[in-house]
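Here is a short tour to read alongside the model. Keep the viewer open and follow along section by section.

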Amino acid sequence: MTSEKAKKYCEERLLLHQLILTYPQLIIAVRAVQKYDECRFVWNYLFSPERIRQIFVYVWARFISGVAGMASAQVPAVLVNKYLGPQYNAAMTIGNSVATHALTLSSSLSTALWPAVANKAGEGDEAGVKRLSFMACRLSALLIMVFAIPLALEVKEILRIWLVNPPSYSAEICIAVLIREVIDKSTDGYWMAILGLGRGVVKYSWSVCWAGFGYVVCAWILFALGKGMASVCFGLIIYALLISASRLYIGRTLVAFPIRHWLRHVCLPLWGVSAVTLVGGKAVACLFDPSIQRIFITGFVCELIFVPASWFLIMGESERNMMREKLGKILPATVAQRFNKNKRV
């Protein structure tokens with residue numbers, strides 16, 4: 001096959017691929033326009049100066065927050081190259097890679113809960129939005145911590161077994177990323193409520209923008225002061241604290257989410273259970289020499305403490321009922337009957 005024929009073949013395949021992706025969406029859009037009045041064009045809106053202004057402000061705010069997110073993700077690597085050299089970027093890559101695997105379940109939960117929050121907001125059920133949003137805060141953080149706590153205790157040994165000679169600071173960056181994600185996910189439901197109710201979306205976008213740029217500035221200052229890779233670790237945690245603080249403030253002022261309720265039912269239970277689990281896991285880890293067996297023993301003890309403590313101290317009655325229902329569908333019939341019996345009691 002000549003180069004011209006190969007090029008033409010690739011172009012045809014690419015066009016066919018795009019048509020396959022686009023055609024079902026066009027059918028859905030046409031059917032929605034035919035069946036639902038809400039999906040039809042309102043021509044007066046298209047040329048309304050006020051709506052154009054609102055859309056422009058919203059798009060600009062989202063664009064700036066996207067730039068801030070990109071800066072917070074990429075600028076630390078540039079600073080590491082500038083102040084420490086490119087070899088230290090391997091530590092950042094490995095630390096982020098290990099921590100990212102612990103986020104899979106939490107990200108899936110956020111993706112699953114967001115449509116439910118949006119539906120409640122569309123129905124005008126603000127109480128339902130608040131309930132689901134606080135559920136997202138608790139469960140998103142829990143699903144990270146169930147992996148993050150044993151991983152944080154044994155990350156150095158895991159990296160040693162995996163890489164033999166892991167780069168310096170890879171374990172510290174991994175722990176910093178895990179702490180950042182736990183802090184971030186503990187307020188994860190707030191952005192769902194803010195976007196679902198449509199209040200303060202622009203302000204929230206600007207808060208994300210300033211948090212991202214604030215992280216970059218803090219990391220830059222710490223690097224300039226000679227703090228080295230500690231700048232990245234502290235910067236990651238500062239970024240999560242800024243994001244969470246902005247969510248709490250906007251949630252309190254615009255969607256009536258009380259900070260005291262979040263502290264009592266999300267923050268304090270999460271960090272209390274985490275502290276107990278860390279102490280128990282660390283006490284067991286100190287009894288054994290570093291090995292793969294110790295990794296499994298530490299993980300088992302952590303989960304033995306964390307799971308029942310979370311069940312009784314963090315999860316509300318609605319979450320426990322939901323878990324009983326899900327487990328009842330998975331477990332054998334005799335166990336499922338026992339779960340249902342406990343639920344009735």
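## A buried salt bridge

Arg294 is buried, and Glu154 is buried too. In this predicted model, the two residues form a salt bridge, with their closest N and O atoms 3.0 Å apart. The pair ties together distant parts of the chain: Arg294 belongs to helix H12 (residues 292-313) and Glu154 to helix H6 (residues 126-163), and these positions lie 140 residues apart in the numbering.

## More charged pairs

The Arg294 and Glu154 pair has company, as the structure holds six salt bridges. Another one joins Glu157 and Arg160, whose closest N and O atoms are 2.4 Å apart. How far apart do Glu157 and Arg160 sit in helix H6? They are three residues apart in that helix, so about one helical turn separates them.

Is Glu157 buried or exposed? Glu157 has a relative accessible area of 7%, and because buried means under 20%, this residue counts as buried. Its partner Arg160 reaches 41% relative accessibility, so Arg160 counts as partly exposed, a class that lies between the 20% and 50% limits.

A further salt bridge brings together the side chains of Glu181 and Arg180, with an N to O distance of 2.6 Å. Here both partners, Glu181 and Arg180, are buried.

## The overall fold

Stepping back, what is the secondary structure of the protein? It comes to 14 helices and zero strands. Read along the sequence, the pattern is therefore α-α-α-α-α-α-α-α-α-α-α-α-α-α, with helices being counted as DSSP runs of at least four residues.

The C-alpha trace spans about 70 × 65 × 55 Å along its principal axes. Of the 345 residues of the protein, 39% count as buried.

One residue to pick out is Val80, which is placed in helix H3. Val80 has a relative accessible area of 0%, so it is buried. If you would like to try a distance in the viewer, take Val80 and Thr104: they are 24 residues apart along the chain, and their C-alpha atoms are separated by 27 Å.

## The second largest pocket

Now turn to a pocket. The second largest one has a volume of about 280 Å³. Its lining is made by 14 residues, of which Asp184, Lys185, Asp188, Trp191 and Arg247 lie nearest the centre. The elements that give two or more residues to this lining are helix H3 (49-83), helix H7 (170-185), helix H8 (188-197) and helix H9 (201-224).

What is the make-up of the lining of the second largest pocket, counted as nonpolar, polar and charged residues? The residues divide into five nonpolar, three polar and six charged.

## A nonpolar patch on the surface

Finally, have a look at the outside of the model. Phe41, Trp43, Leu46 and Phe47 make a nonpolar surface patch of about 540 Å². Among them, Phe47 is found in the loop between helix H2 (43-46) and H3.

Why does Phe47 count as exposed? Phe47 has 66% relative accessibility, and the class applies because exposed means over 50%. Val80, by contrast, is buried at 0%, so the two residues make a handy pair to compare on screen: Phe47 is exposed, while Val80 is buried.

Definitions and conventions. Residues are numbered from 1 along each chain as its sequence is written. This is a predicted model: local features need pLDDT of at least 70, side-chain atom pairs count only at pLDDT 80 or more; totals for chains, interfaces and linings use all residues. Side-chain values use heavy atoms; hydrogens and water are left out. On a 1 Å grid over the protein atoms alone, a cavity is a set of points where a 1.4 Å probe fits but cannot get out, and a pocket is an open set with protein on both sides within 12 Å along at least five of seven lines; lining residues have an atom within 4 Å of a point. Grid points are joined across faces, edges and corners, and a volume is the space filled by probe spheres set on the points. Ala, Val, Leu, Ile, Met, Phe, Trp, Tyr, Cys and Pro count as nonpolar, Asp, Glu, Lys and Arg as charged, and the others, Gly among them, as polar. Patches are made of residues with over 30% relative accessible area and no salt bridge: like charges are joined within 9 Å, nonpolar side chains (Val, Leu, Ile, Met, Phe, Trp, Tyr) within 5 Å. Accessible areas come from the Shrake-Rupley method with a 1.4 Å probe; for residues, only the protein chains shown count as cover. A salt bridge is a side-chain nitrogen of Lys or Arg within 4 Å of a carboxyl oxygen of Asp or Glu. Buried means under 20% relative accessible area, exposed over 50%, partly exposed in between (1.4 Å probe, protein chains only).
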